[in-house]
Structure formats: C-alpha cells, structure tokens
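Student: I am new to this structure. Can we go through it together, one question at a time?

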Amino acid sequence: MSDSPYVSTTNACKLCTPLGAALAFRGIEGAIPFLHGSQGCATYMRRYIISHFREPMDIASSALGEKQAVFGGGPNLKKGILNVMSKYGATVVGVASTCLTETIGDDVPRLLSEFRKEFADLPLPEVVAVSTPSYSGTHMDGWHAAVSGIAAQLVREKAPAERRINLMPGFVSPADIRHFKDILAAYGVAGTILPDISEALDRPALLDYEKLPAGGTSLAAIRAMSGALGSIECGRTIPMVESAGANLERRFGIPSRRVGLPIGIRETDAFFEALTELTGVPTPQRFLDERGRLVDAYVDAHKYVAGKRAIVYGEEDLVIAMVAFLAEIGVKPILAATGATGKGFKESLAAVTADILPEPPEAREGVDFYDIVEQATSLAPDILVGHSKGYRSAKAMGVPLLRVGFPIHDRFGGPRLKHVGYAGTQELFDRLVNLFLERKQEDSAVGYGYL
C-alpha cells in the first residue's frame, strides 16, 4: 500500500442508503417508495435500479428545493403522500429520509403524526418511516432499516398461531426469493418473505402498464408474522437498527434464528437445519439430492479451481457468503472488501473460514475501488468476484469477473441469477468453473477442444 494521502472516493464500493430502503419497500404489496428529499435523489435511484432489473421503478419524492431546505419540508411531504394516494392508490407508503432532510432536521415521525390527524377523514394508507441518510451508511443499511421498520410499525398485535415461517432473506435476487418460496412450500409451511421483490422486480410482459406492480408481501402476511413458528434472518452482519427478527422476538416471543446467506454447502446446511428446528420437518429428500449433486460437482471440477486466488467485494453479507463458498471449493480468497464499516465484517470472515483456511482473507472495510485496485496489483488474483462496478478493475488486471449481487449493469439477466441453496450454489459454481475454462482456452495458443 502506498503512503499517499489520497482522500477522495473513486468508484465507491457501496450505494446510497435510501436506495436500499426504496428497494425493500418495493417488495411490499401495494407499496410506493417515497423519498423525503430532492427530486434528483429519486431520479438517480430509479435509473440505477432499472438498469439492473430492467423493470419500471416508480419512486415518489417530496421534491424539496432551496425554500424547503431553509423552512423545512413538512408541507411537501404531506402533499406528496396525498398525491401518491390519488395517483397510485397505494395501501402502503414507505418514507425514507435523505441527506438533505436529515441535515436540515426534519422530524419525519412528527410530520407524519400531524398528517394522520389533519387528514383523518380520508382513507389513509399505512405509512412506514425510516431514517436513511447516506452520510452514515450504505444501501444495505437502508434495506435493513426498511425491513426492521416494516416489522416494528406494521405488526402491532399478536396474531393467531399458525404453521408459518418468517424469512428475512436479505438483499438477494428475485430468482433467489422464488427458490426460497419453493423451499418453504416443500416444508409444508406458510411463508412470509420480507420483503418479496420476486414479482415486482421481475415481471411478465404485460399489455398495460401497472402503476403498482403485482406481487410483494401482503399486509395480511406481515401482520401474521407475530403468530409464526419462528423467524429466520439471512446475513451474519449486525445491522445498525434492531432487526425485524429481533423485534418480533422481543415483542411477541417469536423464536428468531440468524444464519449466513445460504451460499455454499456449509451455509446452506445451516439454513436447512434452522428450518428443520423451527418446523420439526426433516429436510426433504429433493434437497438432499441437490446437495449430493453439488458435492459431486465439487469433486468433478476441483482440478479446475483448486489453488486459484480471488478478490471478493460488494455488500458485506454477500462477500462473507462468497468467501465461505470459495474457501470450501479450494479457491483462496486473498482479499475481501466492502464499503460498509462497523458490522463485524472481519470477525464473520474468520468464522466462515476457521475450519478450512489457515488464516482468513485480508478484510478491508469502508473502501472504494481505488483502494481495492491499489492493493490488488500486488496480490496477483486469478479472478474478481462482485458486481459490475468492478469490471474496469478486472479488465485492467486482465482477470475474469464473476458477476454476483447488485448492480449488474453490463450483463443481461441480473434478476434471474440464482445464488442461494444447493441449487443456487450449483448454478454459481458452474458459472465460476466455466469462467476459468474460458480463460484457459483464450490464453492458449492452440485452444483446447477438451478440458
């Protein structure tokens, strides 16, 4: 590492906090994400999200200007919610603050309390408010804040007991969530997946535009979470706020289990063990068969991946899960980097590699791609693993990029990439092995017809 006093952020390895909240709110049925701030925030986020999901993404805004920055944005917030009610017929409005409104000190909970009193004669939607200034977090903090806020503000009383599992999957793809639904169905339990972006952000082609995309977690399912058998939260890092599972456990006594993102055999084993513990149902044979096929694939492809060196970057929980996966297939993670800070990142990396690697990969927090590339130059990686923002770095180093996570702007099908479970890991493993095979063919003077 150089000693140069470089202080700028160049190609950040994170996204802004309210963007994560907006994505989570999109996973609620009948919900409109609403940013309390300037119009530019909503415009930027819509463009960014659409580029990955290739689906329409409406985000409402209180559209503050210079006047509101001085005198406060309360009137704009109230008028904006009324507009959302009339134009969309939203049953839920997810209000996320921004840097501007947090800086000027708008008291959003107080403003919303005033709104409910002033317009009590109207059929008001449910309004969930979360604090998401980008100067104190990442898009994952926004995601966690929204999920926690939904559980804390919409689940108000104890629901009748039923065979239901609450699943907070973290920020995974629509394809991953569809797989989670399949798993819960195989266990014979109802499932509340919070949030569920599997339909809203991966829609069938329709003749008419939907102002409010179908799909998402229903209000009824959210309120039923307080009567579930238990909750499972995927992700090893601890969010800044009380998690949804912890909130439900504290208020309603719903047992909560936290596991890593189920990528790779060991982390997926832990997920299925938690499901069996909460439901009393043994792992269905079809998933044991998927596990067996994955083990067979590991054996078959070991000669292609063993000893390779990888740099992994992106969202903290995804990086931890990918490091666990790479370590168990024989790829050596040499650097794990994230834009987040203060989440127990280093400790989690050590935990998932403790029985496999002599030492965990170097952990870097709060970094951008300037930092990553500067260090990577001396590490000689064989592959980079992360989202599209690392493409130019991979190209400059002359190594392939395994695209995972969000955003993926330079390839097609990001919403349909599966990562979780034994089946998702199988698809991920196949993509990784084929990247190495393709590189071996390209680098050969004669090429290989068989590898």
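Student: How many aromatic pairs are there?
Tutor: Keep in mind that the model is predicted. Rings pair if their centres lie within 6.5 Å. By this rule the count is 14 aromatic pairs.

Student: Is the pair of Phe-171 and Phe-406 stacked, edge-to-face or tilted?
Tutor: The ring centres of Phe-171 and Phe-406 lie 5.3 Å apart. Their planes meet at 55 degrees. Planes under 30 degrees apart count as stacked and those over 60 as edge-to-face, so the rest are tilted. With 55 degrees, the pair is therefore tilted.

Student: How many residues apart are Phe-171 and Phe-406?
Tutor: Phe-171 belongs to the loop between strand 5 and helix 8 (174-186). Phe-406 belongs to the loop between strand 13 (401-403) and helix 17 (421-443). The pair links distant parts of the chain, and the separation is 235 residues.

Student: Is Phe-406 buried or exposed?
Tutor: Buried means under 20% relative accessible area. Its partner Phe-171 has 12% and counts as buried. Phe-406 has 3% relative accessibility, so the word for Phe-406 is buried.

Student: Are the rings of Phe-271 and Phe-272 stacked or edge-to-face?
Tutor: Phe-271 is buried at 2%, and Phe-272 is buried at 2% too. Their ring centres are 5.7 Å apart. The angle between the planes is 80 degrees, and over 60 counts as edge-to-face. The pair is edge-to-face.

Student: Which residues do ring pairs link into a cluster with Phe-171 and Phe-406?
Tutor: Phe-171 and Phe-406 form a pair. Ring pairs bring further residues into their cluster. These are Tyr-44, Tyr-48, Phe-53 and Trp-143.

Student: Which ring lies under the charged end of Lys-308?
Tutor: A charge sits over a ring only within 6 Å of its centre. The charged end of Lys-308 is 5.4 Å from the ring centre. The ring is that of Phe-436.

Student: Why is strand 7 called largely enclosed?
Tutor: Strand 7 covers residues 230-234. Gly-230, Ile-232 and Cys-234 point one way, while Ser-231 and Glu-233 point the other way. Both sets are buried. Strand 7 is largely enclosed by the rest of the structure because its buried residues number 5 of the 5.

Student: In what sense does strand 7 pair with strand 5 and strand 8?
Tutor: Strand 5 (residues 164-168) joins strand 7 over 4 bridges, with Met-168 opposite Glu-233. Strand 8 (residues 256-259) also joins strand 7 over 4 bridges, and Ser-256 is the bridge partner of Ser-231. In both pairings the sense is parallel.

Student: Where on helix 10 do its buried residues lie?
Tutor: The buried residues of helix 10 (residues 244-252) are Ala-244, Gly-245, Asn-247, Leu-248 and Phe-252. Seen down the helix axis, they fall within an arc of 160 degrees, so they line one face.

Student: What covers the buried residues of helix 10?
Tutor: The cover includes a helix and several strands. Among them are helix 7 (139-154), strand 5, strand 7 and strand 8.

Student: Which residue just after helix 10 takes a positive phi?
Tutor: Look at the place just after helix 10. The phi there is about 75 degrees. The residue is Gly-253.

Student: Is Ile-28 buried or exposed?
Tutor: Ile-28 lies in the loop between helix 1 (17-26) and strand 1 (31-36). Its contacts include Val-92, Ile-150 and Leu-194. At 2% relative accessibility, Ile-28 is buried.

Definitions and conventions: Residues numbered from 1 in each chain as written. Predicted model: local features only at pLDDT ≥ 70, side-chain atom pairs only at ≥ 80, totals over all residues. Heavy atoms only, no water. Helix = DSSP H or I, 4+ residues; strand = E, 2+ residues; numbered from the N terminus. Buried < 20%, exposed > 50% of the residue type's maximum accessible area, 1.4 Å probe, protein only. Contact = heavy atoms within 4.5 Å. Pairing = 2+ DSSP bridges. Arc of directions from axis to C-beta. Phe/Tyr/Trp six-rings, centres within 6.5 Å; stacked < 30°, edge-to-face > 60°. Lys NZ or Arg CZ within 6 Å of the ring centre and 35° of its normal. Lists of a residue's contacts leave out its neighbours within four places in sequence.
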